[in-house]
Amino acid sequence: MEAVMGATTGPIRVVVAKPGLDGHDRGAKVIARALRDAGMEVIYTGLHQTPEQIVDTAIQEDADAIGLSILSGAHMTLFAKVIELLKERDAEDIKVFGGGIIPEEDIPPLKSLGVAEIFTPGATTGAIVEWVRGNVAASA
């Protein structure tokens, strides 16, 4: 399932995760399918994942990125914990992006923590796919 002709690396590998107690995963599933349909390998972790489970999965799956879907309001804590765990595990090369119900004023502090991009409601699947293609490199 090569996404780029002549490329020596495989497809971009993305872990899509729903951290915390949020039980609504329709958006995460839509994004997972859009990334998969665009030729990426997607590992969807399911609901109610801890930051530790998400980082463990990303490392075990040799993921290039983690996409977090957060609707619960706990985005500051959950993004920060995932970034912290990636640093602790020497896996800072895994890009973290996300989306959900995240107030505009929280986006700059999230980016300063190391979150690569935040997509708010209304972002198109096409825009997310293009961002991942342009900003996440597949592992060699």
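User: Between which helix and which strand does the loop that holds Asp90 lie?
Analyst: This is a predicted model, in which local features need pLDDT of at least 70 and side-chain atom pairs count only at pLDDT 80 or more, while totals for chains, interfaces and linings use all residues. Residues are numbered from 1 along each chain as its sequence is written, and side-chain values use heavy atoms, with hydrogens and water left out. Helices and strands are DSSP runs (H or I, at least four residues; E, at least two) numbered from the N terminus. On that basis, the loop that holds Asp90 lies between helix H3 (75-88) and strand S4 (95-100).

User: Is Asp90 buried or exposed?
Analyst: Relative accessible area, found with a 1.4 Å probe on protein chains only, decides this: under 20% is buried, over 50% is exposed, and anything in between is partly exposed. Because the relative accessible area of Asp90 is 68%, this residue counts as exposed.

User: What is the phi of Asp62, and what is its sign?
Analyst: Most residues other than glycine have a negative phi. Asp62, which lies in the loop between helix H2 (51-60) and strand S3 (65-70), is partly exposed at 45% relative accessibility. Although Asp62 is a residue other than glycine, its phi is positive, near 55 degrees.

User: Which residues does Glu117 touch, not counting residues up to four places away in sequence?
Analyst: Glu117 belongs to strand S5 (residues 117-119), and its relative accessibility of 19% makes it buried. Counting heavy atoms within 4.5 Å as contact, and leaving aside residues up to four places away in sequence, Glu117 touches Val96, Phe97, Gly98, Lys111 and Trp131.

User: What distance separates the C-alpha atoms of Ala80 and Val115?
Analyst: Ala80 has its place in helix H3 and is partly exposed, with a relative accessible area of 24%. Beyond four places in sequence, Ala80 touches His75 and Leu113. Ala80 and Val115 stand 35 residues apart along the chain, yet their C-alpha atoms are separated by 8.5 Å.

User: Which residues of H1 and H5 make the contact between these helices?
Analyst: The axes of helix H1 (residues 26-37) and helix H5 (residues 125-135), lines fitted to C-alpha atoms over the stretch in contact, come within 10 Å and cross at roughly 55 degrees, on a scale from 0 to 180 degrees between N-to-C directions. H1 is therefore oblique to H5, since angles under 35 degrees count as roughly parallel, over 145 as roughly antiparallel, 65 to 115 as roughly perpendicular and the rest as oblique. The contact is made on the H1 side by Val30, Ile31, Ala34 and Leu35, and on the H5 side by Thr125, Ile128, Val129 and Val132.
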